[in-house]
Amino acid sequence: MADKKVLIVYAHQSAGSFNAAVRDVAIKELSEQGYQVIVSDLYAMNFKANATRDDIIGDLKNPDLFQYGEETMHAWNDGRLSDDIMAEQRKVEEAELVIFQFPMYWFSVPAIMKGWMDRVLTQGFAFSLKNMYDNGIFKNKKAMLSFTTAATESMFRPNGINGDINIALWPLQNGTLHFCGFQVLAPQIFWNPAHRPIVDRTAMLEKWSARLKGLIAEKSLTYAKCEWFGLSFEQGFLLRPEVQEEHESNVYGITTGHHLGKLLPPDNQIRVQVTDK
Ligand SMILES: Cc1cc2nc3c(=O)[nH]c(=O)nc-3n(C[C@H](O)[C@H](O)[C@H](O)COP(=O)(O)OP(=O)(O)OC[C@H]3O[C@@H](n4cnc5c(N)ncnc54)[C@H](O)[C@@H]3O)c2cc1C
């Protein structure tokens, strides 16, 4: 049995959707490379999206004031998270790569996938204040977003009506995936498949299939390193003055988020940068 595993967290309601076709291409291509591909089909599983007290088995540490993050951290530690969360956590633990496959909803993931993130990526299991970003718990794993849109590519340019796609992707890619330590691979974006001719849609799937052949070996996106920041509340988790100084003469900021009031580094969240500073 293959011991190399890829997890696809998949959110689409329809078996005939373009998202389903994209998922199936990934399953086929990665299986041919010897990966065992596990799919968490969230709608089919009727995956619970809301983070509630039911996610904790047994007594609460503080029944007077329910704090989901605190309680799930303790429950994870004691093995008292609900079965559906634990099952997903085991899949993440075993996977070398996690692919999130979804249609873009409101510049983000569908609620059911956001619920997966809220509930599965619990404190202790996925992050701690000591283990975050490039020191994160999943620093030896890769993750990526693969999604469809209704928008065209030009609508998500810096001068397009929706604004820069790099800014739209920052919360998910930096704030969730990289925060948990994942090396984030460049996203696979399928622009507006519903309004493209069949020949274009077929070409998109072929391009995805070709990318999958080298996906695991791809270099990940560039993020600021933890060691560049003063890592305590006293230091405010701010960029160290000497690091700030080093970047002073650069035309571009460090990343989409750490722009330092400068120009945003072009396509920082969708393409691997040539310089690695
Ligand atoms: C609540 C909500 C919020 C949204 N927010 C946004 C947003 O913020 N930004 C944005 O851009 N969009 C947004 N959308 C639109 C949404 O992202 C798109 O509708 C979705 O991405 C389209 O992907 P799909 O898989 O559903 O396409 P589908 O409609 O399922 O597929 C498109 C076409 O591909 C065909 N197809 C299926 N399989 C294949 C195959 N193997 N080969 C070739 N063709 C095939 C299908 O038959 C169909 O004709 C939102 C939608 C909703 C409901």
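## Exercises: cavity, strand β4 and pocket

F102, M104, F107, S108, F147, A168, L169 and L172 line the largest cavity. The model is predicted: local features need pLDDT of at least 70, side-chain atom pairs need 80 or more, and totals for chains, interfaces and linings use all residues. Residues are numbered from 1 along each chain as its sequence is written, and side-chain values use heavy atoms, without hydrogens or water.

**Exercise 1.** Describe the largest cavity by its volume, its main contributor and its residue classes.

*Solution.*
- Start with the term. On a 1 Å grid over the protein atoms alone, a 1.4 Å probe fits in a cavity but cannot get out; a pocket is an open set with protein on both sides within 12 Å along at least five of seven lines; lining residues have an atom within 4 Å of a point.
- Count next. The structure holds one cavity of 30 Å³ or more.
- Take the volume, the space filled by probe spheres set on the joined points. The largest cavity contains about 30 Å³.
- Find the contributor. Helix α5 gives the most to this lining, with three residues.
- Sort by class. Seven lining residues are nonpolar, one is polar and none is charged. Asp, Glu, Lys and Arg count as charged; Ala, Val, Leu, Ile, Met, Phe, Trp, Tyr, Cys and Pro as nonpolar; the others as polar.

**Exercise 2.** Place strand β4 among its neighbours, and decide: is β4 enclosed or open?

*Solution.*
- Locate the strand. β4 covers residues 142–148. Strands (E, at least two residues) and helices (H or I, at least four) are DSSP runs.
- Check burial, which means under 20% relative accessible area (exposed is over 50%, partly exposed in between). Seven of the seven β4 residues are buried, so the strand is largely enclosed by the rest of the structure.
- Split the side chains. K142, M144, S146 and T148 point one way, while A143, L145 and F147 point the other way. Both sets are buried.
- Pair with β3 (residues 97–103). Seven bridges join β3 to β4, and the two run parallel. Here I99 has M144 as its bridge partner.
- Pair with β5 (residues 183–184). Two bridges link this strand to β4, again in parallel. K142 stands opposite Q183.
- Pair with β6. Three bridges connect β4 and β6, which run parallel. F147 is bridged to I189.
- Look back at F147. This β4 residue also lines the largest cavity.

**Exercise 3.** Which residues are closest to the centre of the largest pocket, and which element gives the most to the lining?

*Solution.*
- Give the volume. The largest pocket has about 570 Å³.
- Go to the centre. Of 22 lining residues, E153, I189, W191, K207 and R271 are the closest to it.
- Name the elements. α5 (165–178), β6 (188–190) and α6 (198–212) each supply two or more lining residues. α6 gives the most, with five.
- Sort by class. The lining has eleven nonpolar, two polar and nine charged residues.
- Link back to β4. I189, close to the pocket centre, is the bridge partner of F147.

**Exercise 4.** Compare the exposure of N46 and Y133, two residues with positive phi.

*Solution.*
- Take N46. Its phi is near 55°, though N46 is not a glycine. N46 lies in the loop between β2 and α2 (68–78). Relative accessibility is 67%, so N46 is exposed.
- Take Y133. Its phi is about 50°, again without being a glycine. Y133 sits in the loop between α4 and β4. Relative accessibility is 23%, so Y133 is partly exposed.

Methods. Buried means under 20% relative accessible area, exposed over 50%, partly exposed in between (1.4 Å probe, protein chains only). Two strands pair if DSSP finds at least two bridges between them.
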